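Colleague: I'd like to go through the labels on this one and hear what stands behind each of them. Could you start with a single residue and work outwards?

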Amino acid sequence: MKTYIPNTDNVKPLGRTCFVEDTLWMAFSGTGAAFTFRGTKAVVNLLGDNTAVPVESIAKTVKQENARQDVQPETNTTAHQDTASQSEGEDVQTRIAIYVNGKRIVDDMMNAPKKEYLVFESEQAVDCLVEVVKLSETAMSTVGIQSIAVEAEDGIHPAPDKAHYVEIIGDSITCGYGVDDECAEHHFSTKTEDVTRGYAWRTAKALDVDYSLVCISGYGLVSGYVGEGEPKKPEQTLQQYYDRLGFSYGEYLGRKAAETKWDFVPQPELVVINLGTNDDSYALDHPERQEEYRLAYIAFLKLVRSKNPGAKILCTLGIMGDRLFPFIEKAVEAYSGETGDTNVCTMRFTPQLLEDGYVADYHPTEITHVKAAEKLTSEIKMIMGW
């Protein structure tokens, strides 16, 4: 077998990734790498961050970080507990998937500093597409692809690019929060996050496009999720990490994801924004807080446009409640009027239905995600002509 260190000559990065010390690091949900080969065997070696240690060690680390900053999920119920305090040990470690020719071969938690996966073996040479995908979100942990070993006729090659590239910005809904936990009263765990069952991933697959997902559970534009009577949490706003590799309590090779700037290459043709569910927990029906959200949205549109000058921007909200959607419409109207930028539009999601059920912390079920993906896919095809 021949071993390859991942780089752009032999793998295609998925989403925002970073090559550090001969390892491809992944932070945001859905990040990873894809490569092809024709051969008889493939082994993928992964490297964990400082969360990939025994439970008793990571619990101490998370509690220390929790004292500085919380991460909380968006939810429409008071039956909620703080995410970071609940997420100890294995509940914050990275969940990873590896696919071969579209079939999930590996679904595992990164609970050791290094892991080796035999992902393919055959007596005869076969054409293979291998995709390594981070299923869990950025906030808790990161993971790296350290090496790839294959028995192949011509080594490994980057998977081909798709015809189009889309970025989707969101929160826990976009992350696929709790989609594998069908008890609404349960709380956050990376073990039950699966971005591939969420609306954003499903939309990218339905459109057959390359993608970048920028999402953090509990985050908004004015405030992170707040429970009844809690003060605003301006430290939990996504815009401060929009130009970064990600945001994580975990550290890889002594680094944090937020320390690495993103270069916005490649440029998306479309940026979808789905932020406001957590802001709504703060704004509620207070006019001055809703106005604060509107102004923050205008500022965020300017930031997104500055980084993606040629992209169409689609502003959405509603899967877990659409109370703030009218203020998104007002923000878009004001932004376009001020800047002359009319390459921005809106779409209201249909709120989740009781009969479709709920998963952890009353988040959307896969049924709801499927419906949302169908609506978003249809809208994108219409506005982009794809």
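Modeller: Sure, let's take Ser147, which is found in strand S9 (residues 143-152); helices (H or I, at least four residues) and strands (E, at least two) are DSSP runs, numbered from the N terminus. Keep in mind that this is a predicted model, where local features need pLDDT of at least 70 and side-chain atom pairs count only at pLDDT 80 or more, while totals for chains, interfaces and linings use all residues. Residues are numbered from 1 along each chain as its sequence is written, and side-chain values use heavy atoms, with hydrogens and water left out.

Colleague: What makes Ser147 buried?

Modeller: Buried means under 20% relative accessible area, exposed over 50%, and partly exposed in between (1.4 Å probe, protein chains only). Ser147 has 10%, so it counts as buried.

Colleague: Which residues does Ser147 touch?

Modeller: Leaving out residues up to four places away in sequence, Ser147 touches Thr3, Tyr4, Ile5, Pro6, Val43, Val44 and Asn45. Contact here means heavy atoms within 4.5 Å.

Colleague: And Leu24, buried or exposed?

Modeller: Buried, because its relative accessible area is 0%. Leu24 lies in strand S4 (residues 23-26), and its C-alpha is 5.0 Å from that of Ile145, although the two are 121 residues apart in sequence. Ile145 is also among the residues that Leu24 touches, including Pro6, Val11, Phe19 and Val143.

Colleague: On to the rings. How many aromatic pairs are there?

Modeller: The count comes to 14 aromatic pairs. Rings of Phe, Tyr and Trp (its six-membered ring) pair if their centres lie within 6.5 Å; planes under 30 degrees apart count as stacked, over 60 as edge-to-face and the rest as tilted. Tyr177 and Phe188 make a tilted pair, with 5.4 Å centre to centre and 55° between the planes.

Colleague: Where do Tyr177 and Phe188 lie?

Modeller: Both are in the loop between helix H3 (172-175) and helix H4 (199-207), so the pair ties together parts that are 11 residues apart in sequence. Tyr177 counts as buried because its relative accessibility is 1%, and Phe188 does so at 4%.

Colleague: Why is the pair of Tyr293 and Tyr297 called edge-to-face?

Modeller: The centres are 5.7 Å apart and the planes are at 65°, so edge-to-face is the label. Tyr293 and Tyr297 both lie in helix H6 (residues 287-307), 4 residues apart, about one turn of the helix. Both of these tyrosines, Tyr293 and Tyr297, are buried.

Colleague: Which residues form an aromatic cluster?

Modeller: Tyr219, Tyr241, Phe247 and Tyr249 form one.

Colleague: How do you know that the charged end of Arg16 sits over the ring of Tyr242?

Modeller: The rule asks for NZ of Lys or CZ of Arg within 6 Å of the ring centre and within 35 degrees of the ring normal. The charged end of Arg16 is 5.2 Å from the centre of the Tyr242 ring, and it sits over that ring.

Colleague: What makes H6 oblique to H7?

Modeller: The axes of H6 and helix H7 (residues 325-339) come within 9 Å and cross at roughly 50°. Angles under 35 degrees count as roughly parallel, over 145 as roughly antiparallel, 65 to 115 as roughly perpendicular and the rest as oblique, and that makes H6 oblique to H7. Among the residues making the contact are Tyr293, Tyr297 and Leu301 of H6 and Phe327, Ala331 and Tyr335 of H7.

Colleague: Any backbone oddities to flag?

Modeller: A cis peptide bond joins Val265 and Pro266, with omega about 5°. Asp361 is not a glycine, yet its phi is positive, about 55°; Asp361 is in the loop between strand S16 (358-359) and strand S17 (363-364). Tyr362 lies in the loop between S16 and S17 too, and phi of Tyr362 is near 60°, again positive in a residue other than glycine.

Colleague: Why do Asp361 and Tyr362 count as buried?

Modeller: Asp361 has a relative accessibility of 0%, so it counts as buried. Tyr362 is buried because its relative accessible area is 17%, which is under 20%.

Colleague: Last one: which residues of H4 are buried?

Modeller: They are Tyr199, Ala200, Trp201, Thr203, Ala204 and Leu207. These buried residues of H4 pack against several elements, including H3 and helix H8 (366-384). H4 is followed by Asp208, whose phi is positive, near 55°.

Conventions:
Axes fitted to C-alpha atoms, helices over the stretch in contact; angles between N-to-C directions.
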